[in-house]
Amino acid sequence: QVQLVESGGGLVQAGGSLRLSCAVSGIHFSIHIYTWYRQAPGKERELVAFINAGGGTNYADSVQGRFTISRDIIKNTVYLQMNSLNPEDTGVYYCNARRPIAGGSEYWGQGTQVTVSS
């Protein structure tokens, strides 16, 4: 059974930091692309950052320089370090795993709430 379990969300003041974790089980960890998405109230889900199988990373312009995505192949865990948070970062953050082949399976976590107060 595939599971992606996010944790680390919470309430933080503007300017603060949080580290989200996504514990992955049931898939071959190192061959998947991992993406963090977020969804603010009343808005569509948006891509925040991803890390590919080779360890390469990419970020949305809105978080570039503030957020860092990483992975621990031994712990089968993906992280999102979020610094200099602002109220616009508020939302539910979701972890996604996708195998980068045609027709590759895709999996989602249940999400973790991040709330940034001004």
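This passage describes the fold of a predicted protein model, one of its sheets and two of its residues. Local features need pLDDT of at least 70 and side-chain atom pairs count only at pLDDT 80 or more, while totals for chains, interfaces and linings use all residues. Residues are numbered from 1 along each chain as its sequence is written, and side-chain values use heavy atoms, with hydrogens and water left out.

The protein contains 11 strands and 0 helices. Helices (H or I, at least four residues) and strands (E, at least two) are DSSP runs, numbered from the N terminus. The element order from the N terminus is therefore β-β-β-β-β-β-β-β-β-β-β. Along the principal axes, the C-alpha atoms fill a box of roughly 40 × 25 × 25 Å. The radius of gyration is 14 Å, which agrees with the value near 13 Å for a compact globule of 118 residues. That radius is taken over C-alpha atoms, and the globule rule is 2.2 Å times the number of residues to the power 0.38.

Of the 118 residues, 40% are buried. Buried means under 20% relative accessible area, exposed means over 50%, and partly exposed lies in between (1.4 Å probe, protein chains only). The accessible surface comes to about 6100 Å². Carbon and sulfur atoms hold 47% of that surface. These areas come from the Shrake-Rupley method with a 1.4 Å probe; for residues, only the protein chains shown count as cover. Contacts were also examined by sequence separation (contact: heavy atoms within 4.5 Å). Among those between residues at least 6 apart in sequence, 52% join residues at least 24 apart.

Four strands form an open sheet in the order β1-β3-β8-β7, with antiparallel pairing. Two strands pair if DSSP finds at least two bridges between them. The edge strands, β1 (3-7) and β7 (67-72), each pair on one side only. From one strand to the next, the twist averages 15°. For such angles, axes are lines fitted to C-alpha atoms, for helices over the stretch in contact, and the angles run from 0 to 180 degrees between N-to-C directions.

At one edge, β1 runs antiparallel to β3, and 5 bridges join them. Glu6 has Cys22 in β3 as its bridge partner. Side chains alternate along β1. Leu4 and Glu6 point to one face and are buried. Gln3, Val5 and Ser7 point to the other face and are not buried. At the other edge, β7 pairs with β8 (residues 77-82) in the antiparallel sense over 6 bridges. Here Thr68 has Gln81 in β8 as its bridge partner.

His32 lies in the loop between β3 (18-25) and β4 (33-39). Its relative accessible area is 5%, so His32 is buried. The His32 side chain reaches the backbone oxygen of His28 at 2.8 Å. This is a polar contact: a pair of N or O atoms within 3.5 Å, where, within protein, one must be able to donate a hydrogen and the other to accept it, and residues adjacent in sequence count only if both atoms are side-chain atoms. Not counting residues up to four places away in sequence, His32 touches Ile27, Ile51, Asn52, Ala53, Ala97, Arg98, Arg99, Pro100 and Tyr107.

Gln39 sits in strand β4. Its relative accessible area is 28%, so Gln39 is partly exposed. The Gln39 side chain reaches the backbone oxygen of Lys43 at 3.1 Å. Beyond its neighbours within four places in sequence, Gln39 is in contact with Glu44, Arg45, Gly91, Val92 and Tyr94. Gln39 and Tyr94 are 55 residues apart in sequence, yet their C-alpha atoms are 8.2 Å apart in space.
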